[in-house]
Amino acid sequence: MAQVLQIQAQLITSPIPSSVVDPNLIAVKLIGACADHANVSQAALIFAHLASPNRFAHNATLKALAQNSHWFHAIQFFNHQVSSPNAPNPDEFTFTSVLKACAGLAHVVNGQKIHAMVTKQGFESNLFVRNSLIDMYFKAGYLLIARHLFDEMFVRDVVSWNTLVSGYCLCGCADEARWVFDRMREKNFVSWSTLISGYARMGRLEDARRLFDEMPERNVVCWNAMIAGYAQNEKYSDAIEVFRRMQQFGGVVPNDVTLVSVLPACAHLGALDLGKWIDGFISRRGMALGLFLGNALADMYAKCGCITEARRVFNKMQERDVISWSIIICGLAMYGHADEAFGCFYEMLDCGVKPNDVVFMGLLTACTHAGLVEKGLNYFNTMDKEYGVSPKVEHYGCVVDLLSRAGELDNAEDMINSMPMKPNVIIWGALLGGCRIYRDSRRGERVVQHILELDSDHSGSYVYLANVYSSMGRLDDAAKCRLRMRENGVLKTPGCSWIEVDNAVYEFFMGDLSHPESDKIYSMIRELMWKMKLAGYKPKTDLVVHSIDEEEKEDALSIHSEKLAIAFGLISTSEGTTIRVVKNLRICNDCHDAAKIISGIVKREIIVRDRSRFHHFKDGVCSCSDYW
């Protein structure tokens with residue numbers, strides 16, 4: 001883009017006479033280059049400096065606006081063109097661009113007006129214009145009109161058929177899309193990838209994968225469709241598996257779209273080694289660290305606990321948006337670096353970036369993890385007043401959690417009762433967490449009733465009640481609670497932990513015996529339990545709700561998923577290697593105590609990311625200071 005600006009500056013300071021070269025010809029080239037670099041404002045500026053812009057200049061500017069999603073401005077530009085007596089009449093290229101803008105806005109009224117103009121000026125039978133009309137009507141939700149326009153066509157190309165497949169997929173009509181696909185005489189890579197993406201968007205991953213495996217050959221777009229499909233449906237392991245197959249395929253090189261799809265999978269599973277490989281691949285290939293790729297890479301590092309690396313990527317990015325800042329702020333918050341998160345927030349404001357709801361979630365989370373009640377309430381109260389960001393139910397949940405953890409249970413309950421929206425299970429669950437910490441069983445029983453009214457299958461409430469009754473000696477009530485849980489078919493969400501070793505991600509559930517090295521893992525567990533008890537570890541058997549003896553309760557605690565993952569990490573990596581584990585639920589008190597002691601015994605750093613925050617265990621101490 002810098003070279004384009006230099007050429008423009010040279011043309012301004014040393015203009016070429018119009019008798020030598022038509023200024024419109026040069027302008028069209030410059031506008032196209034600006035459009036390719038997403039610099040639409042510069043393209044518009046070039047157009048504005050033309051004394052007598054011709055049809056090509058108008059079309060180039062309209063295309064620049066439409067292809068960069070400036071749809072409203074594209075329609076305004078078109079309306080100005082057709083109302084200006086000196087402007088050239090629109091042609092098929094004009095109509096395809098403005099119809100693209102109408103499709104992007106799903107604006108059928110403007111689309112119908114332009115359709116009438118297309119018919120009046122004799123362009124309705126034009127192949128490109130007809131394809132654009134079909135696309136516009138599909139995106140506006142007018143399936144019958146779109147299909148009628150397709151059926152009326154005397155000449156169709158592969159784009160016409162692809163538009164039909166894409167339109168049906170967009171409207172959730174997968175079977176209709178497949179019917180059209182099967183009747184296409186000519187299919188290209190776009191045809192296959194469009195249907196694969198459509199299946200994935202509707203959650204029909206088996207159909208998407210079956211179609212993908214049927215392909216006679218694949219290009220990078222098809223691979224991207226399958227990887228993105230898995231990632232968008234939270235099948236992160238499958239996304240990584242397809243990415244690795246793509247690397248082995250040969251002749252297909254990942255592009256920025258591939259990496260933007262696979263990096264969230266790395267982030268979710270804590271696949272740091274693969275994420276680092278992708279970072280190196282970007283450098284080796286000299287790929288531009290654009291907004292989407294930079295954000296994805298920074299987010300991967302932040303969610304893998306490498307906040308310094310996340311900040312390095314952030315600092316390298318030429319362009320940053322509010323998402324970029326939110327990644328760093330939320331990453332710092334999850335790692336317990338509250339003051340740095342606050343500093344980053346004010347740095348963002350100094351750069352003129354307006355905060356969004358995610359930024360405030362990061363700030364409130366930072367306050368929650370640090371126990372900063374007054375500061376958290378201040379951020380919450382200024383969201384709407386100073387920054388125009390209306391608090392969502394998630395923000396209320398964060399404040400309730402902040403107050404509950406700090407022991408301000410009355411204020412937390414008052415906050416819930418004063419909410420402008422109906423509190424959900426997460427809100428009441430935050431208060432229940434405070435009741436558990438501060439042993440307020442009376443309030444806890446009341447909160448559980450609210451939760452069960454909203455979700456009768458909420459396993460945490462049954463477990464909480466059973467624990468409360470057991471601690472009060474009400475063993476019959478505890479037994480009844482467990483029986484009610486079984487009778488209602490309520491199942492606890494299974495704890496699951498992931499660990500990456502030698503570029504492979506391994507998954508563990510509680511009591512998992514599926515790993516080929518289970519014997520060694522359980523042997524390490526037994527060895528650790530013995531050493532931990534010598535170091536003063538006392539299993540928190542009150543966390544086990546089953547009516548079994550103390551020894552069996554200890555055994556049940558010892559096979560929690562994060563303990564299995566840590567044990568596997570210890571037997572699979574060299575001394576001194578940091579153990580990194582990702583947990584789908586919050587780490588329990590017992591595993592938290594165990595991880596602290598294990599870090600001191602084995603002289604290793606252990607980093608566990610649960611659904612709430614990072615816990616960095618080192619030398620018998622956790623970064624959360626036991627406040628989580």
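The lining of the second largest pocket in this predicted model mixes residue classes: 10 are nonpolar, 9 polar and 4 charged. The space inside this pocket comes to about 600 Å³. Of its 23 lining residues, Lys63, Thr96, Ser97, Lys100 and Ser132 are the closest to the centre. To find the walls in the structure above, look for α4 (55-67), α6 (92-105), α8 (127-139) and α10 (158-170), the elements that each give two or more residues to the lining. The biggest share comes from α6, with 7 residues.

Now let's turn to charged pairs. Side chains of opposite charge can pair when their charged atoms come close. Across the whole structure, a search finds 27 salt bridges. One of them joins Asp213 and Arg245, with N and O 3.9 Å apart. Asp213 belongs to helix α13 (residues 205-214) and Arg245 to helix α15 (residues 236-249), so this pair ties together parts that are 32 residues apart in sequence. Asp213 is partly exposed at 42% relative accessible area, and Arg245 is also partly exposed, at 29%.

A salt bridge can also sit within one helix, as Arg312 and Glu309 show: their closest N and O atoms are 2.8 Å apart. These two residues are 3 apart in helix α19 (residues 307-316), which means that about one helical turn separates them. Arg312 is partly exposed, with 29% relative accessibility, and Glu309 is partly exposed with a value of 29%.

Finally, visit Asp440 and Arg443, whose side chains form a salt bridge at 2.9 Å, N to O. Arg443 counts as buried because its relative accessibility is 11%, under the 20% cut-off. Both residues belong to a network of salt bridges that also links Asp410, Glu413 and Arg446.

Terms used: Residues are numbered from 1 along each chain as its sequence is written. This is a predicted model: local features need pLDDT of at least 70, side-chain atom pairs count only at pLDDT 80 or more; totals for chains, interfaces and linings use all residues. Side-chain values use heavy atoms; hydrogens and water are left out. On a 1 Å grid over the protein atoms alone, a cavity is a set of points where a 1.4 Å probe fits but cannot get out, and a pocket is an open set with protein on both sides within 12 Å along at least five of seven lines; lining residues have an atom within 4 Å of a point. Grid points are joined across faces, edges and corners, and a volume is the space filled by probe spheres set on the points. Helices (H or I, at least four residues) and strands (E, at least two) are DSSP runs, numbered from the N terminus. Ala, Val, Leu, Ile, Met, Phe, Trp, Tyr, Cys and Pro count as nonpolar, Asp, Glu, Lys and Arg as charged, and the others, Gly among them, as polar. A salt bridge is a side-chain nitrogen of Lys or Arg within 4 Å of a carboxyl oxygen of Asp or Glu. Buried means under 20% relative accessible area, exposed over 50%, partly exposed in between (1.4 Å probe, protein chains only).
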